[in-house]
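Dear colleague,

I am passing on the structure we spoke about, together with a short account of what turned up in it. Please open it alongside this message and read the two together.

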Amino acid sequence: MTHTHETGSRSDGGAGVVVFGAGGRVGRAAVAEAVRRGHPVTAVVRDPARHRDLAGDGVVVARGDATDAASVAALAPGHLAAVNAVVRLDVSAEEFFVAAAKAMVSGLTRAGVRRFLTLGVASTLEVSPGVRMMDEPDFPEPYRVFSQGHAAEFDALRALADALDWLVVCPPLELAAEVPSTGRYRTADGTLFDGGGRISHADLALALLDEVEAPRHHRIQLAVSA
């Protein structure tokens, strides 16, 4: 089933949001949308010196590692929710995403933060019952390897994260700076949109922050598109 959502409303303030991978495009969009809604943000990056521009009213930049449970546990306490937009292309995708899933589950559980959103990919969504985009015979092999990392992350969350209210948010393959923002988005549970879909970073951030403030979806892969 597909649902359409209008622009997220502003909050009157509230508990903070911790964003891992805050230096990337999706991370920066999530930070900006959280600030717009009045949430204090802990923007977590590997090298704060490279991302000093993130700091500002309501935003504290912190050094952290999404694959280190102790780092997550130290940074997350007191936040309403955690968003993970971290990606590494210099290591095995499956190794990285599974390590991140395990560390985030352990660290957030220790920190007492229940709501956890992590960024997925459209290729792990189903194009027909039981068949994912990545399973199709003509799907490019290099992308299949990367997709398998996200698929393994999803499996790890389903196996390990009973204590968390988690959600994998999967933007379409066309997620780029040149995609115009619309102020609205659609969602679908676990299935790819016809034509693949497209979305801007800002509209994806709307979906993320709506799911932080008023969770509608739980423990699934959620397709999001404009």
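Two strands are taken here to pair if DSSP finds at least two bridges between them. Please keep in mind that this is a predicted model.

With that meaning of pairing in hand, strand β5 is a good place to begin, where N84 stands opposite T118 in β6. Strand β6, residues 115-119, is joined to β5 by 4 bridges, and these two strands run parallel. Between them the chain passes from β5 through helix α3, residues 93-111, to β6, and this β-α-β crossover is right-handed.

Strand β5 also pairs with strand β2, which covers residues 16-20, again in the parallel sense and over 5 bridges; in this pairing G16 has H79 of β5 as its bridge partner. As for its surroundings, 5 of the 6 residues of β5, which spans residues 79-84, are buried, so the strand is largely enclosed by the rest of the structure; buried here means under 20% relative accessible area.

The other finding concerns internal space. A search of the whole structure finds 1 cavity of 30 Å³ or more, and the largest cavity holds about 30 Å³ of space. Its lining is formed by A122, L125, C170, P171, P172, L192, F193, G196, A223 and V224. Sorted by character, the lining residues of this largest cavity comprise 9 nonpolar and 1 polar, with no charged residue among them.

With best wishes

Key:
Residues are numbered from 1 along each chain as its sequence is written. This is a predicted model: local features need pLDDT of at least 70, side-chain atom pairs count only at pLDDT 80 or more; totals for chains, interfaces and linings use all residues. Side-chain values use heavy atoms; hydrogens and water are left out. Buried means under 20% relative accessible area, exposed over 50%, partly exposed in between (1.4 Å probe, protein chains only). A crossover is right-handed if, with the strands pointing away from the viewer, the path from the first strand over the helix to the second runs clockwise. On a 1 Å grid over the protein atoms alone, a cavity is a set of points where a 1.4 Å probe fits but cannot get out, and a pocket is an open set with protein on both sides within 12 Å along at least five of seven lines; lining residues have an atom within 4 Å of a point. Grid points are joined across faces, edges and corners, and a volume is the space filled by probe spheres set on the points. Ala, Val, Leu, Ile, Met, Phe, Trp, Tyr, Cys and Pro count as nonpolar, Asp, Glu, Lys and Arg as charged, and the others, Gly among them, as polar.
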